[in-house]
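Welcome! Here are a few exercises to work through with the model open beside you. Try each task before reading its solution.

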Amino acid sequence: MTNKVLEKIEFKQTDEFENIQIEKFGDRYKQYRDDWEKASQLELETDFPLYIMLEQTYKCNLRCPSCIQGYQDIAKEYNTNTSVMSMELYTKIIEEAKDNNLASLSMHVNDEPLLVKNIEDRIRLASEANIMDIIMTTNGVLLNKKKAHKIIEAGVTHLLFSLDSADKETYDKVRPGGDFETVVKNIEYTNSLRNNMFPILRASFVKSSLNEHQVDYFQEYFHNKVDYVDIQTFGAYKNLNNNLKPTDSKYNEGNILSCSMPYTRLIIRANGDVLPCCSFYGYDLVVGNVHKNSIKEIWNNKIMKKLRKDFKNRDYSIGKCAECMKNLAL
């Protein structure tokens with residue numbers, strides 16, 4: 001197997017969407033897409049992250065076995081004790097993002113962003129700051145008609161639905177606490193609201209032992225409901241869910257997959273802590289805090305530079321990186 005770069009968030013665009021963005025933003029958008037491709041291949045180091053992910057609340061309404069939120073005894077160790085990122089901090093982040101021409105922003109990390117009551121106001125601020133891609137992943141359970149209208153009108157460009165199943169029986173195993181039929185209806189309704197391809201819709205599927213029999217069916221089922229389907233790599237977390245590894249896979253021994261996250265993004269938590277990746281293992285590696293330093297200073301600090309240098313050499317000795325890489329299922 002050839003070496004591949006791991007990119008856990010895929011910014012897939014349709015031609016129509018790309019053309020609209022190019023018409024709106026011109027060469028700036030073309031440069032962003034080119035920079036993203038080079039940074040994803042560890043070929044470009046930028047002076048400001050291309051992508052910032054915001055964990056505005058460390059909460060979720062589901063308890064999925066593939067996620068840290070499914071193991072509350074472990075999850076509570078990483079609680080920021082900040083219910084929701086303050087508007088003061090959020091605004092501070094957006095202002096710096098605007099000053100540095102941030103290309104893309106996500107309203108989620110490992111949380112459910114629809115639990116942030118004024119999420120549409122936050123999306124609107126990002127849109128007004130001229131951020132080109134505004135991305136939100138959701139389990140879709142809380143996305144009612146009123147909320148769908150609000151977030152689309154606010155300017156979200158990508159709405160990514162995490163389902164991991166194409167029928168109720170399997171869904172109840174992989175997404176305990178959710179409602180499959182409700183989520184499908186919410187996707188279909190959201191699709192009906194769109195204008196000029198906004199937002200791009202994705203249905204994602206983390207392949208595990210619970211749902212591996214549905215890979216083809218999932219793609220077929222959601223083919224006409226979304227713009228694209230993403231089959232994602234499963235990663236075990238601290239030996240809590242090794243049993244979920246797909247039966248036809250093996251772990252990433254020898255680092256067949258490499259990681260590009262320190263080249264493309266930063267994660268900012270509700271208390272201002274900054275992480276270099278969106279993996280659950282990233283919680284163990286705080287690289288700064290935006291209450292103390294600017295995003296740009298953190299992006300260019302010694303530990304981030306070392307991470308990028310080490311990752312280019314397939315050296316994952318910092319923090320929990322080696323454990324994370326080893327536990328990816330190929």
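## Exercise 1: the sheet

This predicted model has an open sheet of nine strands with mixed pairing, in the order β7-β6-β5-β4-β3-β2-β9-β10-β11.

**Task.** Which strands stand at the edges, and what is left without a neighbour there?

**Solution.** Start from the two ends of the strand order, β7 and β11. β7 and β11 (288-289) each have a single partner strand, so one side of each is left without a neighbour in the sheet.

Now step inside the sheet. β5 and β6 pair in the parallel sense, over five bridges. To find this pairing on screen, look for His158, which stands opposite Ile200 in β6.

## Exercise 2: two helices

**Task.** Describe how the axes of helix α1 (residues 15-25) and helix α2 (residues 27-40) are arranged, and list the residues in contact.

**Solution.** Two packed helices are described by the angle between their axes and the distance between the axes.

1. Distance: the axes of α1 and α2 come within 6 Å.
2. Angle: the two axes cross at roughly 125 degrees. Roughly perpendicular covers 65 to 115 degrees and roughly antiparallel begins over 145, and α1 and α2 are therefore oblique to each other.
3. Contact: α1 contributes Phe17, Glu18, Gln21, Ile22 and Phe25, while α2 contributes Asp27, Arg28, Tyr29, Lys30 and Arg33.
4. Classes: this contact of α1 with α2 has four nonpolar, one polar and five charged residues.

## Exercise 3: backbone exceptions

**Task.** Where are Asp164 and Asn239 placed, and is each one buried or exposed?

**Solution.** Most residues other than glycine have a negative phi, and most peptide bonds are trans. With that in mind, take the residues one by one.

1. Asp164 is not a glycine, yet its phi is positive, near 70 degrees. Asp164 sits in the loop between β5 (158-162) and α7 (168-174). With 2% relative accessibility, Asp164 counts as buried, because the cut-off is under 20%.
2. Asn239, also not a glycine, has a positive phi of about 60 degrees. Its place is the loop between β7 (228-232) and β8 (257-259). At 59% relative accessibility Asn239 counts as exposed, because the cut-off is over 50%.

**Task.** What is omega for the peptide bond from Phe198 to Pro199, and where is Pro199?

**Solution.** Omega is near -10 degrees, and the bond is cis. Pro199 lies in the loop between α8 (180-193) and β6 (200-206).

Methods. Residues are numbered from 1 along each chain as its sequence is written. This is a predicted model: local features need pLDDT of at least 70, side-chain atom pairs count only at pLDDT 80 or more; totals for chains, interfaces and linings use all residues. Side-chain values use heavy atoms; hydrogens and water are left out. Axes are lines fitted to C-alpha atoms, for helices over the stretch in contact, and angles run from 0 to 180 degrees between N-to-C directions. Helices (H or I, at least four residues) and strands (E, at least two) are DSSP runs, numbered from the N terminus. Angles under 35 degrees count as roughly parallel, over 145 as roughly antiparallel, 65 to 115 as roughly perpendicular and the rest as oblique. Contact means heavy atoms within 4.5 Å. Ala, Val, Leu, Ile, Met, Phe, Trp, Tyr, Cys and Pro count as nonpolar, Asp, Glu, Lys and Arg as charged, and the others, Gly among them, as polar. Buried means under 20% relative accessible area, exposed over 50%, partly exposed in between (1.4 Å probe, protein chains only). Two strands pair if DSSP finds at least two bridges between them.
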